[in-house]
Amino acid sequence: MIRKLFDIIAGNAVPAVFIIISAFAIPLSGYSASYLIQELLTRIGRNSFLILSLLIPIMAGMGLNFGMVLGAMAGQIGLLFICDWGIVGIPGMLLACLIGTPIAIVLGIFCGAVMNRAKGREMVTSYILGFFINGVYQMTVLYLMGWIIPITNPALLLSRGYGVRNAVSLLGIRGILDNLIPAIITGTQGAGQFFSVQGGNAFVMIQLPFLEGSIRIPLATLIVIALFCVFIVWFRKTKLGQDMRAIGQNQAVADSAGIPVNRTRIIAIVISTVLACYGQIIYLQNMGTLNTYNSHDQAGMFSIAALLIGGASVSRASIANVFVGVILFHLMFIVAPMAGKNLIGEAQIGEYFRVFVSYGIIAIALVLHAWKRNREREAARRSLRGNKGGE
Amino acid sequence: MQEVMNEYIVLLTQYLTQWGISPGLAGVILAVVVWLLLYLGRGLGVFRFLMRWYQRLLLLAGLVALGFWLFYIGREHQVFLDNKPMNDYRALEQVNVSINGGESVEIMARERSVKKTVGPEFELKAEIFDEDGEIVDTITRTITPKCSKDIMINLPMLAGGAEDFVLPAPR
Amino acid sequence: MIGRFIQNAGWPRIIIALFLLGLFIAAPFVGVRVDTSLSNTLVRFGMNGVMVLAMIPMVQAGCGLNFGLPLGIIAGLLGATLSIEWNVEILARLAELGAQYKISWLNEAFLTSWREPIGFASAVVIAVPIAAVLGWFYGKLLNRVKGDEMMIATYVGFSSVSFMCIAWLLLPYKHPTMVWGYAGHGLRTTISVEGYWLHVLSDALALDINTENIHLYIPTGMLIFFAVMAFLVWVFMRTKTGTAMTAVGSNPDFARASGVNVDRMRTISVMLSTVLGAIGIIVYEQSFGFIQLYMGPFYMALPAVASILLGGASVNKAGILNVIVGTFLFQGILTMTPSVINSYLQTDMSEVIRLIVSNGMILYALTRKVRAGR
Amino acid sequence: MSDNNNNAPLLRLEHIGKEFYGNRVLSDISFDIRAGEIIGLVGENGAGKSTLLNILFGMPVISSTGGHEGVMFIDGRKVNFTSPNQALAHGIGMVHQEFSLIPGFTATENILLNREVLNGSTMSYVFSDRVSTLDRQAMNERARAAINTLGVNISPYMTVSEMPVGYKQFIEIAREIDRKNTRLLFLDEPTAVLTETEAEILLIALNKLARSGIAIVFISHRLSEVKELCSRVIILRDGRLITDQKAEELTTRQIASLMVGRESERREVPQEIPEAPVEPDNVNYTLSPSPKKKKKKIKPALKVDHLWVDMPGETVRDVSFEVKKGEIFGIGGLAGHGKLGIPNGIMGLYPAGGSVRLSGRKLTLNKPRAALGRKMAFVSEDRRGVGLLLDEPLDWNITFTAMQTQGRFLIGIPYIFQIRNEHAMRKEAKKFIDQLEIRCTGPHQKAGELSGGNQQKVCLAKAFVLRPDVLLICEPTRGIDVGAKTLVLDTLRNYNKENGTTIIITSSELEELRSVCDRVAIVDEGRIAGILPASSPAEEFGMLMMGEKMRVALAATE
């Protein structure tokens, strides 16, 4: 009984701690509710898709897919092309996805194959693989683009004539998905109807009297994310999903039952990589600028940290973890610098604090996972023995 | 051999057009027919296998087509509006140009302006003024830059009724 | 014969070595001086050698590659900054001691002329116990997560670095050369060691030939220091404890059946690795000239890991020779690619090549088939 | 199913044989299996049962080691399986001793693992069937049907990790039954983990299955069950088919003696006068002094009381025995009954309790160092896993333990600074290489590069270097060729003779124990079933191995 209670607390300790931290930090930061909600909504739209892409490899027992940065890179290459060609709007985003997909598939197959060669240490391998592919990506973007790969737009290229600039403006697709279906929550007593028309554009208006100011909702993005959640739920019900769950729990048994283990693992990584590619495109359409050499860097780390803060572990993660995580993590992200400034007088502290928390939470999650796994192994060993006689 | 093939294709196209079927539509019809044949034979293992690959191929072709279509409809063009004399056409005193019914720009003689449009075609409306600021003429044209990125429109030629008023964009 | 040599050396090493050789051969043709390149390579070899050496104990004890090297580096940074902060006090205390116990050579003149070496030594002396304590905790942690050491080491390194970012801001350092001028507190991101112990090892006994035709600089002191450290590690791996440690890495069950305390050996190896990391960064800084704080140590483990792997080590076996060969090759590539390739292609590809080579090397080591049955 | 061509048996084996690297493990096995039959396949460990199963299942072990001799027929058609999937396709199912279940899955999910019922979906045309969703309802129905066939009541929604062990066994069998074409089912020790009632239910279920036309091959060490269930009994011994008889024609005692065999080899030893029994409770065979050496009235070198050891797969429950100084004591018994746990527990490698006295003084358990410090040496059964440093040279392997526990092969000041004396290490290694005729290129060769026999010699050398008073050896001859076997056993015998070292040998090979040891203890289900002088007839050892239940049955018959 006590053990069960302990398990429940231990199982949700991480989100609980973050709720407490936020509860202290929010008043300290002095941000208004509408500002926080606006920021949170933006960040949910921006990051959820990336985080959701981590779920499937976890299901297949491959741990946290640090290799998702590969997908992010594929997405960025897609974006670079549409920028060069000047494709804008929703068609531009779709085309970027379309171009990114084959690249992500190839990278995903490579990543999966490498991980199959390094069973038991998938995470560190995919992590280093991320760095390695980053090198290849940089080589491609910095030297081959504009030289072998045709990129002509001078706005993209470095002045030397080849290689892509460090910052690329994504003006053409900026906020295009977020604002596709404009929706506003407002506190002011404006037009009383659900749909209102202002300046020729239709808005979805929701009124909440207690709110000050108005909040824009990235409705279309949220719909895409919701569709993706439905996809995950459906995927879990398929044979492939079932096979992945089996492999995640026991590879040897799955193999003896005739499930193609290695192939399925590669599929899991490919799906994750492709989704990370789309996630990065959604992320960047919100940001509006592409930092060619850095945007993907932190994508993996922040997504993984957010997922873990949501209460997921290396071997178990759900959709709920994703949303709890993204809210708590980004709440901390928003308020920490301001809280740090108001508390100690240094915004820098808050910045470092959130970086520390991101890394620390991953470290703790990994330690807990390894610890638990070793303990379970011990317990499994113990369960093999019968009743002891001599006692 | 090659020639025979070419001739055959030309004839076939002509024949199809006669029935109001464009080559693209013919391709779609062919794809559907093959699919139906495979579907009818799905009891056989080989057919099932073929079906899977055929459908994958169709999916792939569809995606590629989608890609081209997106490229086609999503392309942003810079339209340079040029009011400079060209080929004996004199520069106009003042032109107000609006594209796709948007806000119009005022272009004085020997000026050049730039507007952005998205998609394969756009509607250009030019109001031409004389020295006194009276509208002399209003021209509405649908222009299709297709896949070319940027174009320049020489307004004097447009006003003068020349057909080749669409010029390549300046470097 | 050749086949055996290739088998011993391993393909990746041969390719990299040939590549490096090619760079050296090509250098004169693109206007890069071989002698200065060689000098640079040697300097960087000396700078990084000790940090690469820090990999050996953990690899040998079966704890995997020490991606947690930043932990040791932090201890080294603490030692380095404290040695500057307390520089005056340390010298004063030493003079006091000299006077108190009538040690004739410990006088004012000696302290003035040996100010810099004493500063360096004090940095090491402060860093080592801190590293040992951190290493002890780190070792205990790694003992609980057997099998996942590398990933956890990485994130322990990262989180300790980001934790120290906060600490650098808050710790009550006062020394004017180190804190931000406008705020009066919080350490700067880079701190010059000039006037404290800049080049204290590098310039000791250094061979500096600077004539019309030849510019050769050999940091003899630093190389000797590296040699001494390498020798100490070599000797340690030969002691009873070192032997037991190797056996633990080779087969923990065997070691246990032979009465060795496996966890203790692993902890010792982690402590040793952390201490070497701490010393390594101080050696690095005295040559580099600056202490890099905040995110500086973040990715420092990767080059060290890549170096030892490049030298032919595997995830569970490493020796001094691997360190020497690997560091030389890796640093050689890092020195030569910017100068040679850049003069040829007129671009700086060194960063990209570093990324690909170092991570490719680690990836290669990680995916190599581990021996069955373990 | 039974309406198959009745003339041709379901499975026919003709002259099946197999050699592993010149080591013959099976020869000339021929028998038939007909639909609906239940056949008991019995034999000692190493009699060739598992190799036979591997051949029948087309396991890669067989094809990768040069295939097998003889031919197999299914329904009169010749078959040759190269992968287990082919065997499955021909309707051969197998339930292994270890569970092959996914703990977090429900009974249904496990029974239908990789044979799930799928809903059709258009997506499946483009990708593969794997993107179709599962039809949970149909799956549960099928699982329920399979479970019902067995006559047990297990909910298909129950998660396997929450099931008692017995249920898991039923789920395994249900999985094989669910395979539509299964006609021949191999069960490897299915009752080993079951309680008695569960075992009874299983036997009833198997009978029921057989009546539906499925042939069953039942592999068990519980002879009473074999006798009760099977219509025919096939006995293997040393890779040969000894008997293929109707079960009614045999008594359990006969089966036991046929299994261990060698009645003809019965040595002519006069019946010993029984000593006072030192064994508690469940011993009905008594101690007898060694016939060769008259070393009575000597303090026991090793006295073990109520020892329990928590070694996975080799649990020791309650063991007590005494070993006299200078004696060679054997511990035998079937695999998995705990004989290996005894020496491992004494040496502190696995959690253990009880009391162990070494020449009268109590030994600290659970600390390998303590055992080694008391001049005990140990040769592990897991040569490659525990016994050797495969990546290190021979001199390391031989001298490491002595260096760590006795401080030898070191130079320098003890406790302060000592480095290893490579010269002395090499010398010692050379000495043993010569003495034990270890075939290698020298002390610098890596242990992993040697053959099994030579590796075993290295392990012995490692133990001898310690100059032990008591030497514990597990499976000294496992996996090594005949020549090396003799050499190893001779070495042990000589070492005992020359140094008077007490040696405890644990081995699955009874004959080996009988040839080397003075006395042999037989372990059954974690307890000592009895201790006999080596000269006792093989049959009696066989009876001890068959376990308690056997003895009860025997007591009833005799």
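Visitor: What counts as a helix or a strand here, and how many of each does chain B have?
Guide: Helices (H or I, at least four residues) and strands (E, at least two) are DSSP runs, numbered from the N terminus. The model is a predicted one, and from the N terminus on the elements of chain B follow the order α-α-α-β-β-β-β-β-β-β-α-β. Counted in this way, chain B has 4 helices and 8 strands.

Visitor: Is chain B spread out or compact in comparison with the globule rule, and what is its radius of gyration?
Guide: Along its principal axes, the C-alpha trace of chain B spans about 80 × 35 × 30 Å. For 171 residues the globule rule gives 16 Å, and because the value for chain B is well over this, the chain is more spread out than a compact globule, with a radius of gyration of 25 Å.

Visitor: Which strands of the open sheet in chain B stand at its edges?
Guide: The open sheet has 4 strands in the order β3-β2-β5-β6 (chain B), and their pairing is antiparallel. A strand at the edge has a single partner strand, so one side of it is left without a neighbour in the sheet, and in chain B this applies to β3 (105-108) and β6 (135-143).

Visitor: Which residue is the bridge partner of B:Val97 in β3(B)?
Guide: Strand β2 of chain B covers residues 94-99, and 4 bridges join this strand to β3(B), with the two running antiparallel. In β3(B), the residue that B:Val97 has as its bridge partner is B:Val105.

Visitor: What share of the residues in chain A is buried?
Guide: The secondary structure of chain A comes to 14 helices and 6 strands. Among contacts in chain A with a separation of 6 or more, 72% are accounted for by residues 24 or more positions apart. Of the 391 residues in chain A, the buried ones make up 52%.

Visitor: Is A:Phe302 buried or exposed?
Guide: A:Phe302 has its place in helix α12 (residues 297-309) of chain A, and its C-alpha lies 8.7 Å from that of A:Ile51, although the two residues are 251 apart in sequence. A residue is buried if 20 or more other C-beta atoms lie within 10 Å of its own. Because A:Phe302 has 20 C-beta neighbours inside 10 Å, it counts as buried.

Visitor: How many nonpolar residues are there on the side of chain A that touches chain C?
Guide: Between these chains, 35 residues of chain A are in contact with 30 residues of chain C. Each of α6 (89-117), α7 (122-144) and α14 (347-384) of chain A supplies at least two residues of the side that touches chain C. By class, that side of chain A has 3 charged and 7 polar residues, while the number of nonpolar residues is 25.

Visitor: Which helix gives the largest share of the largest nonpolar core?
Guide: This core holds 424 residues, of which C:Met55, C:Val305, D:Ile216 and D:Phe218 touch the most other members. Leaving aside neighbours within four places in sequence, D:Ile216 has contacts that include D:Ile38, D:Leu185 and D:Leu206. The largest share of the core, 16 residues, comes from residues 261-287 of chain A, which form helix α11.

Visitor: How many residues make up the other core, the one with B:Leu81?
Guide: This other core lies apart from the largest one, and among its members are B:Leu81, B:Val95, B:Ile128 and B:Leu155. In chain B, buried residues make up 18% of the 171 residues. The number of residues in this other core is 17.

Methods
Residues are numbered from 1 along each chain as its sequence is written. Chains are lettered from A and ligands numbered from 1 in the order in which they are written. This is a predicted model: local features need pLDDT of at least 70, side-chain atom pairs count only at pLDDT 80 or more; totals for chains, interfaces and linings use all residues. Two strands pair if DSSP finds at least two bridges between them. A residue is buried if 20 or more other C-beta atoms lie within 10 Å of its own, exposed if 12 or fewer, and partly exposed in between; C-beta atoms are placed from the backbone. The radius of gyration is taken over C-alpha atoms; the globule rule is 2.2 Å times the number of residues to the power 0.38. Two residues are in contact if their C-beta atoms, placed from the backbone, lie within 7 Å. Ala, Val, Leu, Ile, Met, Phe, Trp, Tyr, Cys and Pro count as nonpolar, Asp, Glu, Lys and Arg as charged, and the others, Gly among them, as polar. A nonpolar core is a set of buried Ala, Val, Leu, Ile, Met, Phe, Trp, Tyr and Cys residues joined through C-beta atoms within 7 Å.
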